[in-house]
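This briefing takes a chain and its ligand step by step, beginning with what counts as a contact and then moving out to the whole chain. Please keep the structure in view as you read.

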Amino acid sequence: MRLDRFLSNLPNFSRQQVRLLLVERRVRVDAQVVADPHHEVREFSRVEVDDQLLQAGRPARYFMLHKPAGCVSATFDRQHRTVLDLLDEPDKDDLHIAGRLDYNTTGLLLITNDGQWSRRLTQPRTKLPKVYYVETEQPIEAAYVAKFLEGFYFAFEDLTTLPAQLLPLSSHSARLSIVEGRYHQVKRMFGFYNNKVTRLHRERMGPLSLDPALAPGAYRALHPAEIAAI
Ligand code: URA
């Protein structure tokens with residue numbers, strides 16, 4: 001929300017007072033004086049007028065997990081271990097997953113409490129490539145490459161998948177880059193050829209690659225430059 005709107009929504013100040021407070025440089029956001037009425041205030045921002053705290057803000061948190069096979073990308077599950085069970089962090093209720101992976105899929109999983117950030121990662125509109133290493137039961141034919149580029153019609157969603165880059169690595173393995181994250185998308189794409197995916201591992205989401213130092217099940221906080229890259 002814009003800073004001027006945030007301030008005038010509070011019972012403390014009228015719109016005119018808000019304009020004056022900004023001009024008089026009495027407003028601080030995250031410890032910096034801000035005079036721009038358009039400045040974006042988020043739930044993570046600390047907002048002060050003079051020495052009065054108007055919003056404490058809460059810490060934005062971002063983690064990269066090497067998801068192991070045999071665990072669900074959910075915050076709660078009655079039966080199975082969840083990816084959140086792998087995190088030793090407080091207030092886990094606050095966290096969500098930016099782009100789920102299937103139960104047996106491994107690799108890069110990003111977990112955060114910042115909804116705007118995770119939407120940028122997952123919205124097809126932003127076209128961030130998600131890169132997977134894939135192994136299949138049947139050989140990967142040369143003709144697949146053109147079909148992955150052309151797109152697959154998914155009747156359930158009534159859509160055709162956006163162009164995807166398939167790079168065969170061997171007779172039964174490939175690297176695949178897709179910009180969407182439809183339900184079981186990779187498996188359904190290979191399913192068009194009745195070719196079962198036997199291994200699926202996410203290597204990268206946009207500019208963020210899985211840290212090779214992370215063993216399956218391990219995680220770390222993202223570095224500021226990684227957060228800013230999205
Ligand atoms: N596509 C799939 O089919 N499964 C995943 O886990 C991720 C992408």
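A polar contact here is a pair of N or O atoms within 3.5 Å. The model is a predicted one, and by that cut-off a backbone N or O atom of His-184, which lies 3.3 Å from an oxygen atom of the ligand, makes such a contact.

**Polar contacts with the ligand**
- Thr-105 also takes part, since a polar atom of its side chain lies 2.8 Å from an oxygen atom of the ligand.
- On Val-186 it is a polar backbone atom that is involved, and this atom is 3.1 Å from a nitrogen atom of the ligand.
- The ligand taken alone exposes 230 Å², and the protein buries 95% of that area.

**The surroundings of the ligand**
- The residues that surround the ligand are Leu-101, Asp-102, Thr-105, Tyr-132, His-184, Gln-185, Val-186, Lys-187 and Leu-200.
- Sorted by class, this shell has four nonpolar, three polar and two charged residues.
- Helix H5, which covers residues 185–191, gives the most to the shell, with three residues.
- The space that the ligand takes is the largest pocket.

**The whole chain**
- The secondary structure of the protein chain comes to six helices and 15 strands.
- Along its principal axes, the C-alpha trace of the protein chain spans about 70 × 35 × 30 Å.
- The protein chain has a radius of gyration of 22 Å, whereas a compact globule of 230 residues would have one near 17 Å.

Conventions. Residues are numbered from 1 along each chain as its sequence is written. This is a predicted model: local features need pLDDT of at least 70, side-chain atom pairs count only at pLDDT 80 or more; totals for chains, interfaces and linings use all residues. Side-chain values use heavy atoms; hydrogens and water are left out. A residue is near a molecule or strand if one of its heavy atoms lies within 4 Å of it. A polar contact is a pair of N or O atoms within 3.5 Å; within protein, one must be able to donate a hydrogen and the other to accept it, and residues adjacent in sequence count only if both atoms are side-chain atoms. Accessible areas come from the Shrake-Rupley method with a 1.4 Å probe; for residues, only the protein chains shown count as cover. On a 1 Å grid over the protein atoms alone, a cavity is a set of points where a 1.4 Å probe fits but cannot get out, and a pocket is an open set with protein on both sides within 12 Å along at least five of seven lines; lining residues have an atom within 4 Å of a point. A molecule sits in a cavity or pocket if more than half of its atoms lie within 2 Å of its grid points. Helices (H or I, at least four residues) and strands (E, at least two) are DSSP runs, numbered from the N terminus. Ala, Val, Leu, Ile, Met, Phe, Trp, Tyr, Cys and Pro count as nonpolar, Asp, Glu, Lys and Arg as charged, and the others, Gly among them, as polar. The radius of gyration is taken over C-alpha atoms; the globule rule is 2.2 Å times the number of residues to the power 0.38.
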